[in-house]
Amino acid sequence: MLEALYSKIREYYGSDGLVFGEGKETAGILLIGEAPGKDEVLQKRPFCGKAGRNLDEFLAAIRMKRQDIYITNVCKFRPYKVSEKGTVSNRPPTRKEILEALPFLYEEIGLIAPKVIVTLGNTPLRACYDDFSKSVGDVHGSVADVAIDGQIFKLFALYHPASIIYNRSLKVTYEEDLHRLAAYVGTIGQGT
């Protein structure tokens, strides 16, 4: 099922540099990030750079394993910019790029049919709500209902794991939110 979707995405974008989701396709928990970075494109895996190490550490702290969940991104390609000196760095996807990716993301969510969607940062939060005014700072650490393609899903918003790399003061908040997520997952179960 997912492979047919990923084939459609390859047809749309071309096959270079795409990073698809990874994990248990019938997972009760779906983690959604923004887009792959350089490390993810090189390894063809979501969340494998510094942010991925933070994510793995936090998942371990709340006794979750990557192989028991499904991890994907809103955009399956790396958005990047080139400086005047020629260095390449990540950038957030544009609104146009996000809107182009939404039908693919929504189909992916429908195929996995998770018990809870966990958004990592503003981009996936806004994509799942289809509302660019939403901010993770306003809703992090809480569960809400979200309508995606006519289905209602539970959504739990977290800051992006990379956010604590750049803002150490968020670490305590992030850990508190993770414990809230673990408590919530305990009430619904992880698998299907």
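# Briefing: pockets, sheet and rings

About 850 Å³ of space lies in the largest pocket of this structure. The model is a predicted one. It also holds one cavity of 30 Å³ or more. Six strands form an open sheet, and the structure contains five aromatic pairs.

**The largest pocket**

- The lining of the largest pocket is made up of 36 residues. E34, N90, H160, A162 and Y166 are the ones that lie nearest its centre.
- Which elements give two or more residues to this lining? They are helix 2 (38-43), helix 3, helix 4 (95-112), helix 5 (122-129) and helix 7 (163-166).
- Helix 5 gives the most, with four residues.
- The lining of the largest pocket is mixed in class: 17 residues are nonpolar, 10 are polar and nine are charged.

**The largest cavity**

- Rolling a probe the size of a water molecule over the atoms reveals where empty space is left.
- The largest cavity has about 40 Å³ of space.
- Its lining consists of I29, L31, L55, L59, M64, V118, L158, L178 and L181.
- Strand 2 (29-33), helix 3 (50-61) and helix 8 (171-188) each supply at least two of these lining residues.
- How do the residues of this lining divide by class? Nine are nonpolar, no residue is polar and no residue is charged.

**The sheet**

- Strands of a sheet pair through backbone hydrogen bonds, and they do so either parallel or antiparallel.
- The six strands here follow the order 1-3-2-6-8-7, with mixed pairing.
- Strand 1 (22-23) and strand 7 (143-148) stand at the edges. Each has a single partner strand, so one side of each is left without a neighbour in the sheet.
- Strand 6 runs parallel to strand 2, and four bridges join the two. L30 stands opposite I117 of strand 6.
- Strand 6 also runs parallel to strand 8 (residues 151-158), this time through five bridges.
- Two residues of strand 8 show how this pairing lines up. F156 stands opposite V118, and A157 is the bridge partner of T119.

**Strand 6 up close**

- Is strand 6 (residues 116-120) mostly covered or mostly open? Strand 6 is mostly covered, as five of its five residues are buried.
- In a regular strand, side chains alternate between the two faces of the sheet.
- V116, V118 and L120 point one way from strand 6. I117 and T119 point the other way. Residues on both sides are buried.
- V118 ties several topics together. V118 is buried, stands opposite F156 in strand 8 and belongs to the lining of the largest cavity.

**Aromatic rings**

- A pair of aromatic rings is described by the distance of the centres and the angle of the planes.
- The structure has five such pairs. One of them joins Y12 and F104, which meet edge-to-face. Their centres are 5.5 Å apart, with 65 degrees between the planes.
- This pair links distant parts of the chain. Y12 is in helix 1 (residues 2-13) and F104 is in helix 4, 92 residues apart.
- Are the two rings' residues buried or exposed? Y12 is partly exposed, at 47% relative accessible area. F104 counts as buried, because its relative accessibility is 14% and the cut-off for buried is under 20%.
- Y13 and F104 also form a pair, and this one is tilted. The distance is 6.1 Å centre to centre, and the planes lie 55 degrees apart.
- Y13 is in helix 1 and F104 in helix 4, so this pair too links distant parts of the chain, 91 residues apart.
- Y13 is partly exposed, with a relative accessible area of 25%.
- Y12, Y13, F77 and F104 form one aromatic cluster.

**Charges over rings**

- The charged end of R95 sits over the ring of F132, at 4.2 Å from the ring centre.
- The charged end of K134 sits over the ring of Y129, at 4.5 Å from the ring centre.

Key
Residues numbered from 1 in each chain as written. Predicted model: local features only at pLDDT ≥ 70, side-chain atom pairs only at ≥ 80, totals over all residues. Heavy atoms only, no water. 1 Å grid on protein atoms, 1.4 Å probe; cavity = no way out; pocket = protein on both sides within 12 Å on 5 of 7 lines; lining within 4 Å. Points joined across faces, edges and corners; volume = space filled by probe spheres on them. Nonpolar A, V, L, I, M, F, W, Y, C, P; charged D, E, K, R; others polar. Buried < 20%, exposed > 50% of the residue type's maximum accessible area, 1.4 Å probe, protein only. Pairing = 2+ DSSP bridges. Phe/Tyr/Trp six-rings, centres within 6.5 Å; stacked < 30°, edge-to-face > 60°. Lys NZ or Arg CZ within 6 Å of the ring centre and 35° of its normal.
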